[in-house]
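Q: I am new to this structure and would like a short tour. Could we begin with one pair of charged side chains and work outward from there?

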Amino acid sequence: MFDRLTERRTLYAAAERVRDNGGCRGADGMTVDHFDEYLEEEIDRLQDRLLRRVYQPFPLLRIGIPKPTSGMRHLSIPTVRDRIVQTAVDLVTREIFEREFEDCSHAYRCGRSVRTAVHRIRELRDQGYRCVVDADIDAFFDNIPHERLFARLRRLPLDPYVVTLFERWVRVEIYDGHRVHPLTQGIPQGSVVSPQLANLFLDELDESLALFGQALVRYGDDFLVLCKSPEDAAQALELTDYLLAEIELRLNREKTRTTSFDQGFKFLGAVFLKDDIYLPIERPKPEHVPPVLPRALDLQTYLELRAAE
């Protein structure tokens, strides 16, 4: 695994994916286009740091994106260099993660999508599962406990250095334009590896609900438990609450409810009402307005901010 990770073809393939995905600069100020201008020497530098096991991630750039309704969604953006290393790790570990995941999990996986989740909900409905626990985890990405996540990672057949890389990306520091501070809990939304880590952490919930015979459809941290009666749904809600507490998470009670196909509900943008499913219309995405980014964080400023903490 380490040999595959440090191969030039893996790093170049990762760089190509990062270039195709685009995105804004990270805290160091280097854009994707600028990195591409010096691609060969940058890949040389990354390969050398990985081979000598001295690679360290730079702080993430914390930015706020206005939500369509109200409030802000905060993203933590890695530098282009760190996105390439994370993508390379994803390329060499994805199959290992995939072997861990359950059929009920539909997000961030090859061959899985909103449509496969909707198809599974339809199947369960037609099998008589007419009642639903529509669950919402309270601030999931912000509340994942690090040590429990690391313990789950260490049970996978991963190279120890790769596990170390995951731990560094989770414990990474954050730069918000004014100060640098460590991430002591949760995983950063915006990192390449965060979706895989999120699925891995919730895999324990998937397995536990399956052991109790529950019919689960999960897409990231959004999920439904489908049941055959209102009484079963009430029990499934309490069971879900208990199992989440076991992994140090909790339900958002204001957004979690029991409902049914007869009452109708919305999940992943689709509306389910009686025997009908109304899929969302795929509209053209609005023109992207880039966020206003704080000034770049050079190494000297970074060291000064760290010393001031």
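A: Certainly. This is a predicted model. In it, the side chains of Arg 130 and Asp 262 meet in a salt bridge, at 3.7 Å from N to O.

Q: Which parts of the chain does that pair tie together?

A: Arg 130 lies in the loop between α6 (114–126) and β3, and Asp 262 lies in the loop between β8 and β9 (265–267), so the pair ties together parts that are 132 residues apart in sequence.

Q: Is Arg 130 buried or exposed? And what about Asp 262?

A: Arg 130 is partly exposed, with a relative accessible area of 25%. Asp 262 also counts as partly exposed, at 49% relative accessibility.

Q: How many salt bridges are there in the whole structure?

A: A search of the whole structure finds 25. One of them joins the side chains of Arg 154 and Glu 167, at 2.9 Å from N to O. That pair links distant parts of the chain, with Arg 154 in helix α8 (residues 146–154) and Glu 167 in helix α9 (residues 160–170), 13 residues apart.

Q: How accessible are Arg 154 and Glu 167?

A: Arg 154 is partly exposed, with a relative accessible area of 46%. Glu 167 counts as buried because its relative accessibility is 14%, and buried means under 20%.

Q: Which residue forms a salt bridge with Asp 206?

A: Arg 218 does, and the closest N and O atoms are 2.8 Å apart. Arg 218 lies in strand β6 (residues 215–219) and Asp 206 in helix α10 (residues 194–211), so the pair ties together parts that are twelve residues apart in sequence. Both Arg 218 and Asp 206 are buried.

Q: Which residues are joined into one network by salt bridges that share partners?

A: Asp 28, Glu 42, Arg 45 and Arg 81 are joined in this way.

Q: Let us change topic to the strands. How many residues of β3 are buried?

A: Strand β3 covers residues 131–136, and six of its six residues are buried. Both of its faces are covered: Cys 131, Val 133 and Ala 135 lie on one side, with Val 132, Asp 134 and Asp 136 on the other.

Q: Asp 134 catches my eye there. What is it in contact with?

A: Leaving aside neighbours within four places in sequence, Asp 134 is in contact with Phe 223, Leu 224, Lys 255, Thr 256, Arg 257 and Lys 266. Asp 134 is buried, with a relative accessible area of 11%.

Q: Which strands are joined to β3 by bridges?

A: Six bridges join β3 to strand β7 (residues 222–227), and the two run antiparallel. In that pairing, Asp 136 stands opposite Asp 222. Four bridges join β3 to strand β8 (residues 257–260), again in an antiparallel arrangement. There, Val 132 stands opposite Thr 259 in β8.

Q: And the nonpolar interior: which residues have the most contacts inside the largest core?

A: They are Phe 140, Leu 153 and Phe 166, in a core of 65 residues. The largest share of this core, eight residues, comes from α5. Apart from it lies another core, of 16 residues, among them Ala 117, Leu 124, Ala 215 and Phe 272.

Q: What does Phe 140 touch?

A: Beyond its neighbours within four places in sequence, Phe 140 is in contact with Ala 198, Phe 201, Leu 202, Asp 221 and Leu 249.

Q: One last topic, helix α2. Which of its residues are buried?

A: Thr 10, Leu 11, Ala 14, Ala 15 and Val 18 are buried in α2. They cover an arc of only 135° around the axis, which puts them on the same side of α2.

Q: Why would residues three or four places apart point the same way?

A: An α-helix has 3.6 residues a turn, so residues at that spacing share a direction.

Q: What do the buried residues of α2 pack against? And what does the face turned away from them carry?

A: The buried residues pack against α1 (2–6), α3 (32–37), α4 (39–51) and α5 (80–100). The face turned away from the buried side carries the exposed residues Arg 9 and Asp 20.

Q: How far apart are the end C-alpha atoms of α2?

A: They are 20 Å apart, which agrees with the 20 Å that its 14 residues (8–21) should span at 1.5 Å a residue. Just after α2, Gly 22 takes a positive phi of about 65°.

Notes. Residues are numbered from 1 along each chain as its sequence is written. This is a predicted model: local features need pLDDT of at least 70, side-chain atom pairs count only at pLDDT 80 or more; totals for chains, interfaces and linings use all residues. Side-chain values use heavy atoms; hydrogens and water are left out. Buried means under 20% relative accessible area, exposed over 50%, partly exposed in between (1.4 Å probe, protein chains only). Two strands pair if DSSP finds at least two bridges between them. The expected span of a helix is 1.5 Å times one less than its number of residues. The arc is that of the directions from the helix axis to the C-beta atoms. Contact means heavy atoms within 4.5 Å. A nonpolar core is a set of buried Ala, Val, Leu, Ile, Met, Phe, Trp, Tyr and Cys residues joined through side-chain atoms within 4.5 Å. A salt bridge is a side-chain nitrogen of Lys or Arg within 4 Å of a carboxyl oxygen of Asp or Glu.
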